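Biologist: Before we discuss this protein, could you put the sequence and the structure in front of us?

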Amino acid sequence: MQTEPYTGSLPIGYPLSNTALYVLDDELKPVPPNVPGELYISGDAVGIGYLNREDLTRKHFLDDPFRTGERMYRTGDIVKRLIDGSLIFIERSDFQVKIRGFRIELSEIGNCMERLSGVRDAFVMTATESSGSLYIAAFYTTDTGADAEYIRRELHQQLPEYMVPARIIRLDHLPINANGKVDRRALFENLVEEQQRSLEVNSPRTKTERVILAAMRQILGNPGIGVEDHFFQNGGIRSKQLHSLKFCQKKELPSM
């Protein structure tokens, strides 16, 4: 009898008769064997859409680029095809996000945080600024009083800069909803409160600070950062810094 939870990859097997299974990248192109991609289903098993949900139908039911006149269903499952043609399930695409062109595994960030000394629990999610830009926010609990700067410093040693959360917030406990899952709505409310406190504490004091801060907020798409916040620690990418500055120069800075 198995007493420990199964953590390996789950076998899916082979497609059924009259059904095609595609493993595709973001551009709907097939990926090589043993390379993760998203699973798409084509053939007789594909329905016509979601009842009274045109938005979901447009998102998940697409024209099959390999079979004229057919449609395929976007499953949201991340899988990979083995050399023998069988498929194994890796994870849901819901836990993958793309920020500034980089595909990011949020669970990888959370696992990294939970391995740090003093961190009891961690949860990582994305939030959207008023500009529509996504950024990463992380929440954690601690038994030792580990602070956000310690966590940020350690994450910078283990992760690329674009994966280090722009916001790291300490909580007494992670909120749980009625279904026993982490309550994202409650975390978002904590995030809004933290951003408001940051704006009050880190307000610009001079004209120079106002101009620089406005540029940083526009480049990063994050109006919640203040004068004490670090450009790179809040999502700035060194390899794209000059491009971002040119982009900023083409736009009018927010009025002060």
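The questions and answers below go through the confidence, the sheet, the helices and the cores.

Biologist: What average pLDDT does the protein have?

Modeller: This is a predicted model, and confidence varies along the chain. Over residues 1-7 pLDDT stays under 50, and that stretch has zero contacts beyond four places in sequence, while residues 239-256 also stay under 50 but have 20 such contacts. Across the protein, 76% of the residues score at least 70, and the average pLDDT is 78.

Biologist: Which strands are the edge strands of the sheet formed by S9, S10 and S11?

Modeller: The sheet is open, with three strands in the order S9-S10-S11 and mixed pairing, and its twist averages 20° from one strand to the next. An edge strand pairs on one side only, and in this sheet the edge strands are S9 and S11.

Biologist: In which sense do S9 and S10 pair?

Modeller: Strands of a sheet pair through backbone hydrogen bonds, either parallel or antiparallel. Within this pair, Thr126 stands opposite Ile136 in S10. S9 and S10 are joined over nine bridges, and the sense of their pairing is antiparallel.

Biologist: What angle does the direction of H3 make with that of S11?

Modeller: Two helices can be placed against these strands, beginning with H2, which lies across S9 and S10 and runs at about 150° to S9. H3 packs on the sheet and touches S9, S10 and S11, and its direction makes with that of S11 an angle of about 135°.

Biologist: Which residues of helix H3 are buried?

Modeller: The cover over the buried part of H3 includes helix H2 (106-114) together with strands S9 (119-128), S10 (134-142) and S11 (167-170). Leu155 can serve as an example, since leaving aside its neighbours within four places in sequence, this residue is in contact with Cys112, Met113, Leu116, Val164, Pro165 and Ile168. Within residues 148-158, the buried residues of H3 are Tyr150, Ile151, Arg152 and Leu155.

Biologist: Which element gives the most to the largest nonpolar core?

Modeller: In soluble globular proteins, nonpolar side chains tend to be buried together. The largest nonpolar core here has 22 residues, of which Ile104, Ile109, Met113, Ile151 and Leu155 touch the most other members. Two or more residues come from each of strand S7 (96-99), H2, S9, S10 and H3, and the element that gives the most, with four residues, is H2.

Biologist: How many residues does the other core have, the one that includes Phe123 and Leu187?

Modeller: This other core lies apart from the largest one, and among its members are Phe123, Met125, Ile169 and Leu187. Its number of residues is 12.

Definitions and conventions: Residues are numbered from 1 along each chain as its sequence is written. This is a predicted model: local features need pLDDT of at least 70, side-chain atom pairs count only at pLDDT 80 or more; totals for chains, interfaces and linings use all residues. Side-chain values use heavy atoms; hydrogens and water are left out. Buried means under 20% relative accessible area, exposed over 50%, partly exposed in between (1.4 Å probe, protein chains only). Contact means heavy atoms within 4.5 Å. A nonpolar core is a set of buried Ala, Val, Leu, Ile, Met, Phe, Trp, Tyr and Cys residues joined through side-chain atoms within 4.5 Å. Two strands pair if DSSP finds at least two bridges between them. Axes are lines fitted to C-alpha atoms, for helices over the stretch in contact, and angles run from 0 to 180 degrees between N-to-C directions. pLDDT is the predictor's confidence in each residue, from 0 to 100.
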